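The questions below go through one protein model for a reader who has not met it before. Each answer gives its reasoning and ends on what was asked for.

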Amino acid sequence: MKLIGRLILAAIVIAAISFFAAPGVAFFAIRSAADANDAAALSRLIDYTAVRQSLRPQLNGNPAAQAPAASFLEDPIGAVRRQFEQAAPALGPQPDIYLTPAAVAALTRGEGRYAAQRTAPAPEGERQDLFPEPVFWGVNRARMAVTDEGGSKTIFTFERKGPFEWRLVHIALPDGAVPTVRSLRTTPPLLEEVPAGKSGKTGG
C-alpha cells in the first residue's frame with residue numbers, strides 16, 4: 001500500500017510540474033519550429049488571429065495595446081470597443097511582418113521590433129538563445145519576457161487550451177517605431193544607354 005501511495009504522489013507531483021512548465025515548453029517549441037521553418041508546428045503553437053490583433057494597434061502607435069486585452073467578464077465595455085477597433089480598416093504596417101518563421105525566431109531571441117527585418121533565420125553561430133524570464137504565471141495564462149542587451153523586453157502571453165496545451169495569443173513589442181522592412185522584390189536592372197548615332201536596328 002505504501003508503494004502505491006508513493007507512486008500516486010509521484011504521479012501527482014510530475015503532473016503538477018508538467019502543468020506549470022508547459023508554457024515554457026511551448027515557448028521553446030515555437031523557437032525550434034521557427035528555426036526549422038516548420039509552419040505546421042507553428043500553427044499548432046500560435047493563435048495567429050489573436051496575435052495579429054495584439055500586434056496591429058502596436059504598429060499603429062497605440063501603447064495600450066502592449067498589455068494583453070482583458071476578457072469580456074473583466075472589462076465588457078473595453079471588450080466591445082476593441083471589437084469595433086479591430087473591425088476598422090487597418091492602416092500602417094501589417095502584423096504579418098512579425099509572423100514569418102524568421103521573424104518569430106528573432107522575436108524569441110529578443111530582437112524586438114527589428115525582427116521584422118529578418119527574411120531568413122540567423123545562422124546557428126550567430127544565434128543568441130536567450131532564456132525567457134517569467135512575468136506572470138497563472139492557471140490559464142502565463143507571460144514570459146525576453147530582454148535584449150539594451151534592456152528592452154518582448155513579452156509573450158500564452159493561454160491554456162487544454163490540460164497541457166498552451167498557445168501564444170499575444171506579443172508585446174518594445175517601445176519604438178517599426179524599422180523599415182526591405183522588400184523581397186529585386187530591383188530590375190537599368191536598361192543600357194544606347195550610344196548616340198546608333199539604333200537598335202542593324203544597318204543595311
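Q: Leaving aside neighbours within four places in sequence, which residues is threonine 108 in contact with?
A: The model is a predicted one. Threonine 108 belongs to helix α5. With neighbours up to four places away in sequence set aside, its contacts are Phe27, Ile30, Arg31, Leu130, Val146 and Phe156.

Q: Is threonine 108 buried or exposed?
A: A residue counts as buried under 20% relative accessible area. Threonine 108 has a relative accessibility of 2%, so it is buried.

Q: Which backbone oxygen lies 2.7 Å from a polar atom of the side chain of threonine 108?
A: Threonine 108 is in α5, and Ala105 is among the buried residues of that helix. The 2.7 Å separation runs from the side chain of threonine 108 to the backbone oxygen of alanine 105.

Q: Why is helix α5 described as largely enclosed by the rest of the structure?
A: Helix α5 covers residues 101–108. Its buried residues are Ala102, Ala103, Val104, Ala105, Ala106, Leu107 and Thr108. The helix is largely enclosed because the buried residues number seven of the eight.

Q: Which residue just after α5 takes a positive phi, and of about how many degrees?
A: Helix α5 runs over residues 101–108. Just after it comes the residue with the positive phi, glycine 110, at about 80°.

Q: How far apart are the C-alpha atoms of phenylalanine 156 and threonine 108?
A: Phenylalanine 156 is in strand β3, whereas threonine 108 is in helix α5. Thr108 is listed among the contacts of phenylalanine 156, together with residues including Phe27, Leu107 and Leu168. Along the chain the two are 48 residues apart, and their C-alpha atoms are separated by 8.6 Å.

Q: Which residues touch the most other members of the largest nonpolar core?
A: This core has 30 residues. One of the residues asked for, Phe156, is buried, with a relative accessible area of 2%. Another, Leu168, touches residues including Ile30, Ile46, Phe156 and Phe158. The full list is Ile30, Ile46, Tyr98, Phe156, Phe158, Leu168 and Ile171.

Q: Which element gives the most to the largest nonpolar core?
A: The elements that give two or more residues to this core are α1, α2, α3, α5, β2, β3 and β4. The one that gives the most, with six residues, is α1.

Q: Within what arc do the buried residues of α3 fall, seen down its axis?
A: Ala50, Val51, Ser54, Leu55, Gln58 and Leu59 are the buried residues of α3. An α-helix has 3.6 residues a turn, so residues three or four places apart point the same way. The buried residues of α3 line one face of the helix, because they fall within an arc of 160°.

Q: Which strand is included in what covers the buried residues of α3?
A: One of the buried residues of α3 is Val51, and leucine 168 touches Val51. The strand β4 spans 166–172. What covers the buried residues of α3 includes β4.

Q: Where is asparagine 37 placed?
A: Asparagine 37 has a positive phi of about 55°, although it is not a glycine. It is exposed, with a relative accessible area of 53%. Its place is the loop between α1 and α2.

Q: Over which residues is the pLDDT below 50?
A: The mean pLDDT of the protein is 76, and 62% of its residues reach 70 or more. The stretch below 50 has three contacts in the model beyond near neighbours in sequence, and covers residues 182–204.

Note on methods: Residues are numbered from 1 along each chain as its sequence is written. Side-chain values use heavy atoms; hydrogens and water are left out. Buried means under 20% relative accessible area, exposed over 50%, partly exposed in between (1.4 Å probe, protein chains only). Helices (H or I, at least four residues) and strands (E, at least two) are DSSP runs, numbered from the N terminus. A nonpolar core is a set of buried Ala, Val, Leu, Ile, Met, Phe, Trp, Tyr and Cys residues joined through side-chain atoms within 4.5 Å. Contact means heavy atoms within 4.5 Å. A polar contact is a pair of N or O atoms within 3.5 Å; within protein, one must be able to donate a hydrogen and the other to accept it, and residues adjacent in sequence count only if both atoms are side-chain atoms. The arc is that of the directions from the helix axis to the C-beta atoms. pLDDT is the predictor's confidence in each residue, from 0 to 100.
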